[in-house]
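Here is a short briefing to read alongside the model. Take a look at the fold below, and then we can walk through it topic by topic.

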Amino acid sequence: EKYSKALGKSIRAFRESRNISLKEFEASQDFIDRHALSWIENGKTVPSAFTLYRICNAIKITQADLFLALEKEIKNS
């Protein structure tokens, strides 16, 4: 649970830093709706590696960026 919450928090931070709302995220791609992303961001579900890849592409970050942020989040929690 600690890791899923840290992952979700990292994804949300990147999305919000790019001023992408959940609605805008949903409209920008066709693979995940805003409700599913909200579940991921709140740590209620863990996405597959492929879903993470697609989320990163949609918010224009690399997987390395995400995992570095995740590592920092885990260390700080």
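Helices here are DSSP runs of H or I with at least four residues, strands are runs of E with at least two, and both are numbered from the N terminus. On that basis, this predicted model holds 5 helices and 0 strands. Read from the N terminus on, the order of elements is α-α-α-α-α.

**Overall shape and surface**

- A compact globule with 77 residues would have a radius of gyration near 11 Å, and the protein agrees with that at 11 Å.
- Along its principal axes, the C-alpha trace covers about 35 × 20 × 20 Å.
- Buried residues make up 34% of the 77 in the protein.
- The accessible surface is about 5000 Å², and carbon and sulfur atoms account for 53% of it.
- If you take the contacts between residues at least 6 apart in sequence, 63% of them link residues at least 24 apart.

**Helix H1 and its packing**

- Does the length of H1 fit its residue count, or depart from it? At 1.5 Å a residue, its 16 residues should span 22 Å, and the end C-alpha atoms are indeed 22 Å apart.
- H1 covers residues 2-17, and its buried residues are Ser4, Ala6, Leu7, Gly8, Ser10, Ile11, Phe14 and Arg15.
- Which helices do these buried residues pack against? Their partners are H2, H3, H4 and H5, the last of these spanning residues 63-76.
- Ser10 is a good residue to zoom in on: it lies in H1, and it counts as buried because its relative accessibility is 5%, where the cut-off for buried is under 20%.
- Setting aside neighbours within four places in sequence, Ser10 is in contact with Leu66, Ala69, Leu70 and Glu73.

**Helix H2, seen through two residues**

- H2 takes in residues 22-28, and Glu26 is found there; Leu22 is also found in H2.
- Leu22 has a relative accessibility of 24%, so it counts as partly exposed.
- Not counting residues up to four places away in sequence, Leu22 touches Arg15, Arg34, Leu37, Ser38 and Glu41.
- Leu22 and Ala6 are 16 residues apart in sequence, and their C-alpha atoms are 18 Å apart in space.
- Glu26 is likewise partly exposed, with a relative accessibility of 25%.
- Beyond its neighbours within four places in sequence, Glu26 contacts Ile32, Asp33 and Arg34.
- Between the C-alpha atoms of Glu26 and Ala36, which are 10 residues apart along the chain, the separation is 9.7 Å.

**Helix H3, its buried face and its ends**

- Which residues of H3 are buried? In this helix of residues 34-41, they are Leu37, Ile40 and Glu41.
- Viewed down the axis of H3, these buried residues fall within an arc of 95 degrees, so they line one face of the helix.
- As background, an α-helix has 3.6 residues a turn, so residues three or four places apart point the same way.
- The buried residues of H3 pack against H1, H2 and H4, where H4 runs over residues 49-58.
- At the N-terminal end of H3, Asp33 acts as a cap, with a side-chain oxygen 3.0 Å from the backbone nitrogen of His35.
- After H3 comes Gly43, which has a positive phi near 75 degrees.

**Positive phi in the loops**

- Most residues other than glycine have a negative phi, and two residues are worth a look with that in mind.
- Asn19 is not a glycine, yet its phi is positive at about 55 degrees.
- Where does Asn19 sit? It is found in the loop between H1 and H2, just after H1.
- With a relative accessibility of 65%, Asn19 counts as exposed.
- Lys60 is not a glycine either, and its phi is positive at about 60 degrees.
- The loop between H4 and H5 is the place of Lys60.
- Is Lys60 buried or exposed? Its relative accessibility is 68%, so Lys60 counts as exposed.

Definitions and conventions
Residues are numbered from 1 along each chain as its sequence is written. This is a predicted model: local features need pLDDT of at least 70, side-chain atom pairs count only at pLDDT 80 or more; totals for chains, interfaces and linings use all residues. Side-chain values use heavy atoms; hydrogens and water are left out. Buried means under 20% relative accessible area, exposed over 50%, partly exposed in between (1.4 Å probe, protein chains only). Contact means heavy atoms within 4.5 Å. The arc is that of the directions from the helix axis to the C-beta atoms. A polar contact is a pair of N or O atoms within 3.5 Å; within protein, one must be able to donate a hydrogen and the other to accept it, and residues adjacent in sequence count only if both atoms are side-chain atoms. The expected span of a helix is 1.5 Å times one less than its number of residues. The radius of gyration is taken over C-alpha atoms; the globule rule is 2.2 Å times the number of residues to the power 0.38. Accessible areas come from the Shrake-Rupley method with a 1.4 Å probe; for residues, only the protein chains shown count as cover.
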